[in-house]
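Welcome to a short tour with your viewer. Keep the selection tool at hand, and follow each stop in turn.

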Amino acid sequence: MIFTLDPETGFPDVIVVSAAWGLGETVVSGQVDPDEYTVFKPSLKNPSLNPLIDMRVGAKRRKTVYMDSGLTHTVDTTAAERAQRVVGDDDIRLLVGWARAVEEHYGCPMDLEWAKDGVTGELAIVQARPETVQSRRRLTAIRECRLEADPGRPLIEGTAVGEAIGQGPVVRLTAPVAREAFPEGGVLVTSLTDPDWEPVMKRASAIITDHGGRTSHAAIVSRELGVPAVIGTGSATRVLTQGSDVTVSCAEGDRGRVYDGLIPYEERETDLSAAAKTRTRIMLNLADPSAALRWWRLPADGVGLARLEFIVAHQVKAHPMALLHPEELDADDRRGIERLTEGYQDRGAYFVDRLSRGVARIAASRWPDPVVVRTSDFKTNEYARLLGGRPFEPDEANPMIGWRGASRYYSDGYREGFALECRALRRVRDEMGLTNVVVIIPFCRTPGEADRVLDVMGEQGLRRGQNGLKVYVMAEIPANIILVRDFSERFDGFSIGSNDLTQLTLGVDRDSEALAHLFDESGAAVTRSIERLVAGAHEAGRGVGLCGQRPSDDPAFTEFLVKAGIDSISVAPDSFAAVKQHVARAESTRTQGDVPSEIQD
């Protein structure tokens with residue numbers, strides 16, 4: 001199957017190809033979990049770029065093949081077939097080129113089927129039809145669902161279809177039943193579905209299957225019905241108890257989760273056509289690549305903060321130094337690293353692959369607007385909790401002001417790990433073509449430290465100004481403000497980390513309950529620091545943004561930022577509409593034109 005948009009979110013700038021061994025009926029019927037390849041359309045214009053921004057190798061445990069008699073049968077795949085990609089980069093580029101041509105010919109998003117001849121190796125498009133679900137959604141509205149309580153650990157996970165939440169009693173079936181026999185609002189749990197199941201599926205509040213991928217029958221019909229589905233769980237029919245109440249969440253990214261009980265949730269639709277235009281750029285804070293595409297309809301001005309730590313923790317899942325130096329690990333951690341990196345001879349390449357794909361997915365979601373990616377800012381205690389991390393991290397009395405951020409990047413203890421981060425960012429920009437990625441350095445204490453970090457980046461091919469690369473610095477230490485001119489000479493912009501800035505300005509541990517009443521980002525010491533930073537940066541021709549929760553919670557603080565002349569505010573996606581309104585109101589009362597035009601741009 002090929003979709004010329006993302007089938008879950010409708011994001012139009014990607015082409016999604018699914019692939020499995022044998023004939024296609026195992027994919028459509030949901031018997032297999034296929035490979036999935038995501039290609040960024042704008043990068044197809046340049047043949048020197050690699051447009052493949054994401055890839056997931058599916059289990060592909062079965063395949064349907066011809067027998068000598070001319071009939072077909074379904075057999076198990078080999079271990080090698082399950083582990084390897086079905087199609088290579090050259091075939092993917094040819095297929096998506098055809099898919100794009102078909103889309104341009106018909107003038108609408110397309111749902112195609114393709115095949116590769118097992119004898120000649122010839123590729124072919126065998127069917128083309130308009131995509132009829134996402135392409136018909138209102139572009140001026142966004143639907144959001146959010147759990148309102150801690151759901152606990154999921155009972156089971158799989159591929160999320162849709163972005164909604166459903167709940168009800170488990171109805172476990174091995175075969176279709178009469179429509180009237182299925183209770184309205186039940187959660188259908190079965191191995192896989194075919195067209196005979198559709199009357200039952202229309203009555204379900206959610207659908208869960210053991211097998212299948214995003215192009216299976218269950219996924220396609222669920223999408224058309226607007227019913228959340230969790231596909232390819234592997235064992236739902238064994239794990240979930242008949243009649244028990246469950247909550248099915250597809251609102252947490254590309255992984256769907258099934259939780260015990262009826263968990264309260266909120267569902268709302270935001271009309272984006274009413275969003276006011278503002279001078280101040282309103283950007284998004286995004287961390288989870290799997291959820292990035294769902295926010296593409298928001299009229300945001302880019303991503304103000306994308307944190308590498310989330311991608312490292314959830315997609316790489318190992319300490320970078322442990323990948324490079326497994327000889328330092330105990331036997332258990334070594335085995336864990338081997339399992340995690342199976343198929344990779346170069347474990348550093350595993351890190352670069354996983355990290356670059358995560359960053360690329362976020363960057364693609366806002367192209368061509370800027371996406372500010374912060375290099376890793378784990379504290380030592382957080383790094384130590386990664387797989388294999390303990391031998392590489394010291395025990396610190398106060399990790400919050402210890403060996404973190406910029407100080408790690410040029411040190412012998414982490415320099416090789418930072419080199420992997422740089423390789424991943426360079427791949428995203430120079431090889432995938434996502435030059436909207438801006439790099440931001442956290443917790444940089446002195447101008448001399450800035451010079452050392454920029455030198456290390458340059459050694460890895462990330463040179464400020466080369467191929468349009470901009471490098472920002474987090475303004476979260478009083479020294480960044482006191483020495484704003486010195487930092488402006490080394491960086492292209494600033495982003496205020498209000499939590500750390502408040503902590504270090506007031507001398508208050510931000511995690512201390514006893515001192516919580518003193519932790520106030522709107523206090524005079526902090527606000528005057530922000531005003532001083534904005535004025536000094538603007539004088540040097542540099543822009544200033546702020547990424548943090550406070551503007552979402554406090555309209556008065558947002559008004560202060562606007563009056564101070566802040567250039568951008570970055571917020572969580574679910575706060576975007578409210579903050580946009582707060583900023584528009586604040587700007588309407590502020591004298592315009594007192595910020596240099598080059599900063600506004």
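Start by selecting Arg429, Asp430, Gly461, Leu462, Arg463, Gln466, Asn467 and Leu469: these residues line the second largest cavity. Keep in mind as you look that the model is predicted. The volume of this second largest cavity is about 30 Å³. Sort its lining by class and you get two nonpolar, three polar and three charged residues.

**The other cavity**

How many cavities of 30 Å³ or more does the structure hold? There are two. To visit the largest cavity, which holds about 150 Å³ of space, select Glu8, Thr9, Gly253, Asp254 and Ser290. Out of 16 lining residues, these five are the closest to the centre of the largest cavity. Its lining is made up of five nonpolar, four polar and seven charged residues. If you wonder how such places are found, rolling a probe the size of a water molecule over the atoms shows where empty space is left.

**Two stops in loops**

Next, select Lys60, in the loop that runs between β4 (52-56) and β5 (62-66). Look at its backbone: Lys60 is not a glycine, yet its phi is positive, at about 50°.

Now jump to Trp367 and Pro368. What kind of peptide bond joins Trp367 and Pro368? The bond is cis, with omega at about 0°. You will find Pro368 in the loop between α11 (347-366) and β20 (371-374).

**Helices that pack together**

The rest of the tour is about pairs of helices. Two packed helices are described by the angle between their axes and the distance between the axes.

For the opening pair, select residues 498-506, which form helix α18, and residues 524-539, which form helix α19. Their axes are 9 Å apart, and the packing angle is about 120°. The two helices, α18 and α19, are therefore oblique to each other. Turn the view and you can follow α18 as it passes α19 in a right-handed crossing. To see the contact itself, show the side chains of Leu501, Thr502, Thr505 and Leu506 on α18, together with Ala525, Val526 and Ile530 on α19. This contact of α18 with α19 has five nonpolar and two polar residues, and no charged ones.

Keep α19 on screen and add α21, which spans residues 555-564. The axes of α19 and α21 cross at roughly 30° and come within 10 Å. That angle makes α19 roughly parallel to α21. Here, too, the crossing of α19 past α21 is right-handed. On the α19 side, the contact uses Thr527, Ile530, Glu531 and Val534, while α21 brings Phe557, Phe560, Leu561 and Ala564. By class, the contact of α19 with α21 has six nonpolar residues, one polar and one charged.

For the last stop, leave α21 selected and add helix α22, residues 576-588. How are α21 and α22 placed, with axes that come within 9 Å and cross at roughly 50°? They are therefore oblique to each other. The crossing of α21 and α22 is right-handed. Show Pro555, Thr558, Glu559 and Val562 from α21, then His582, Val583, Ala586 and Glu587 from α22, to display the contact. The contact of α21 with α22 is made by four nonpolar, two polar and two charged residues.

How values were computed
Residues are numbered from 1 along each chain as its sequence is written. This is a predicted model: local features need pLDDT of at least 70, side-chain atom pairs count only at pLDDT 80 or more; totals for chains, interfaces and linings use all residues. Side-chain values use heavy atoms; hydrogens and water are left out. Axes are lines fitted to C-alpha atoms, for helices over the stretch in contact, and angles run from 0 to 180 degrees between N-to-C directions. Helices (H or I, at least four residues) and strands (E, at least two) are DSSP runs, numbered from the N terminus. Angles under 35 degrees count as roughly parallel, over 145 as roughly antiparallel, 65 to 115 as roughly perpendicular and the rest as oblique. A crossing is left-handed if the near helix is turned anticlockwise from the far one by less than a right angle, and right-handed if clockwise. Contact means heavy atoms within 4.5 Å. Ala, Val, Leu, Ile, Met, Phe, Trp, Tyr, Cys and Pro count as nonpolar, Asp, Glu, Lys and Arg as charged, and the others, Gly among them, as polar. On a 1 Å grid over the protein atoms alone, a cavity is a set of points where a 1.4 Å probe fits but cannot get out, and a pocket is an open set with protein on both sides within 12 Å along at least five of seven lines; lining residues have an atom within 4 Å of a point. Grid points are joined across faces, edges and corners, and a volume is the space filled by probe spheres set on the points.
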